[in-house]
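Reader: I would like a close look at one part of this chain, the open sheet, and then at the helices that go with the rest of the fold. Please keep it plain.

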Amino acid sequence: MTLISAQQTLRGLGQSSLNPSRSNLQTLCATCGEYHAAGGHADFMATMPQDPVELVDDFVKMGLYQENQLQAADGVNAYELRKALFLKRVGRGSPKREKLILDLCQQAGGLDNAMAAAFGSKAGLFFSDAIRNGQQTRREFLRNMAVGAALVSLASCGQDTAPPAGDEPADVEVGDLEKTDLQIGFIPITCATPIIMSEPLGFYEKYGFNAKVVKMPSWGAVRDSAIAGELDAYHMLAPMPIAMTLGLGSGAFGVKLASIENINGQAITVAERHKGKVNGPADFKGFTIGVPFPYSMHNLLLRYYLATGGIDPDVDVQIRPVPPPDSIAQLIAGDIDAYLMPDPFNQRAVYEGAGFIHMLTKELWPGHPCCAFAASDQWIDANPNTFRALNKSIIEAAAYAQVPENRPEIAKAISERAFLNQPVEVVEAVLTGKFDDGNGNTLDIPDRIGFDPYPWQSFANWISSQLVRWDLQGDDLAPTIIPEKGYDTVGTDVFLTDLARELATELGLEAPEEIYREETLKFDTFDPADPAAYVQQQIDEYGV
């Protein structure tokens, strides 16, 4: 659809509603469906406004938009405005119909992409205006109203094929949901992107849920809340379900890792006061280094890196848990010298001039897992259909987040105070991979963070191998609990790889048939078939 056809449709809607009586000299035009002098289509089109602002002014004169409506919309976000206008016209008050329309827009790559298809090269003129100082100018608002007008025309074009009210299919087949009002815990980091974005972007709603994400203060709080059964499901660090199920760091409590939330997406950040002094792992000797949690990929990857420089992580440095939201303050105060943290706190440190990015973790292990969507065995057993549908919604959200073109939209959605509470430019720098590293370099690394939800069993085996290597199974257990149970058994008991593949296939996504793969890291290669030999090789080479 072109801008002209949008104008035609709306001009026709406005004139037919305002002036139903027509001159006998006017006839219905077969080209545009409008009333004008016979054979005068070209003359009629020449009178149509081409500038979007003039177009909306024309709508105001025609009575389609009243002045009080213009005033009321001054404080409305442009994206929400055109979405609301669209849904009001198309949805006709039906939540199911609104979901259907949003799904169609999603298939087009998002609402903006759908509009770009309609407007062609003019799209940027309509969508580029931003709210400044909390208030829009009249011209900016009128441009956004032009977008709303075009959305109405799109709605008009599709009304014949929409299902009739009262006979609308469910968005997706989810079975009988045992529970629809859900609360899902998360830590405010970009690793949680699929879990967070599923609320504002409608992925939970699509699957029949009234779901709210609940911000948690620390990973210890996530663990304790899960054990207490306070929420329904959780954003967890990938090693946490293994540690909790085995009783490492707490009493044994069964948790399943349903899908991976993100791959890559972490970094080692060093305080600004150490700039020029840190070039490799040996230079961290004597540092106090923060990680989010003992049972985290951050702790395991940091130890892996330091050991290659002759650093014993338990002797030559102090590694301590720091809640991610506190990490920058501790870096500035001098409580820690560096940290391996999730984003956006690495990029935020650069943004604040508090530190520089020493290394992205994708350099240590391209495609490594970080965070996951998880739920307790008890909750899954009580809500099997709900769990399946919820996991499917998050896998679909992860696939949407993996598309680079969608990431600016996602950055805006998750930067809000209720979610990450971060400057949108910081979050967008992480998600798009276009960022400054604090060392004077502007980088473009599209896979700085990725969203591949497939939980490889080789991930589980590597995690278990490092829990053994660093004696992180608890002093009273000795480093034998995992080898005695068997690496593969630990992994398959906790990582729901087969279910993730099944759900991805139902969504039309590609998923591997294999559950193990050889993992290539910066300093070695991990064979998941023999984790014990891998651990011994590391100890023999680096002494720890």
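Author: What follows starts with the chain as a whole, goes on to the sheet and ends with three helices. The model is a predicted one. Its chain has 25 helices and 18 strands. Of its 544 residues, 54% count as buried. Among contacts with a separation of 6 or more, 74% are between residues 24 or more positions apart.

The sheet is open and has 5 strands, in the order E10-E9-E11-E8-E12, and its pairing is mixed. The edges are taken by E10 and strand E12 (355-360); each has a single partner strand, so one side of each is left without a neighbour in the sheet. From one strand to the next, the twist averages 25 degrees.

Two of the pairings show what the mixture consists of. Strand E9 (residues 288-291) and strand E10 (residues 318-321) run parallel and are joined by 4 bridges. Within this pair, Ile-289 stands opposite Ile-319 of E10. The link between the two strands includes helix H14 (residues 297-307), and E9, H14 and E10 together make a right-handed β-α-β unit. The other pairing is antiparallel: strand E8 (residues 266-271) is joined to strand E11 (residues 338-342) by 5 bridges. Here Ala-267 has Met-341 in E11 as its bridge partner. As a general point on reading such pairs, side chains in a regular strand alternate between the two faces of the sheet.

Outside the sheet, helix H18 (residues 384-402) can be followed from one of its residues to its packing partners. Thr-386 lies in this helix. With a relative accessible area of 0%, Thr-386 is buried, because the cut-off for that class is under 20%. Leaving aside neighbours within four places in sequence, the residues in contact with Thr-386 are Leu-177, Glu-178, Lys-179, Leu-182, Phe-209 and Trp-379.

H18 also packs on helix H19 (residues 407-414), at an angle of about 120 degrees and with the axes 8 Å apart. That angle makes H18 oblique to H19. On the H18 side the contact is made by Tyr-400, Ala-401 and Gln-402, and on the H19 side by Arg-407, Glu-409 and Ile-410. By class, this contact has 3 nonpolar, 1 polar and 2 charged residues.

H18 appears again in the surroundings of helix H24 (residues 497-506). The buried residues of H24 are Thr-497, Leu-499, Ala-500, Arg-501, Leu-503 and Ala-504. They pack against strand E6 (255-260), H18 and helix H21 (457-469). After H24 comes Gly-508, with a positive phi near 80 degrees.

Helix H12 (residues 219-228) can be described along the same lines. Its buried residues are Trp-219, Gly-220, Val-222, Arg-223, Ser-225 and Ala-226. Their cover includes strand E5 (233-237), helix H13 (240-246) and strand E13 (371-376). Just after H12, Gly-229 takes a positive phi of about 70 degrees.

Methods
Residues are numbered from 1 along each chain as its sequence is written. Side-chain values use heavy atoms; hydrogens and water are left out. Two strands pair if DSSP finds at least two bridges between them. A crossover is right-handed if, with the strands pointing away from the viewer, the path from the first strand over the helix to the second runs clockwise. Buried means under 20% relative accessible area, exposed over 50%, partly exposed in between (1.4 Å probe, protein chains only). Contact means heavy atoms within 4.5 Å. Axes are lines fitted to C-alpha atoms, for helices over the stretch in contact, and angles run from 0 to 180 degrees between N-to-C directions. Angles under 35 degrees count as roughly parallel, over 145 as roughly antiparallel, 65 to 115 as roughly perpendicular and the rest as oblique. Ala, Val, Leu, Ile, Met, Phe, Trp, Tyr, Cys and Pro count as nonpolar, Asp, Glu, Lys and Arg as charged, and the others, Gly among them, as polar.
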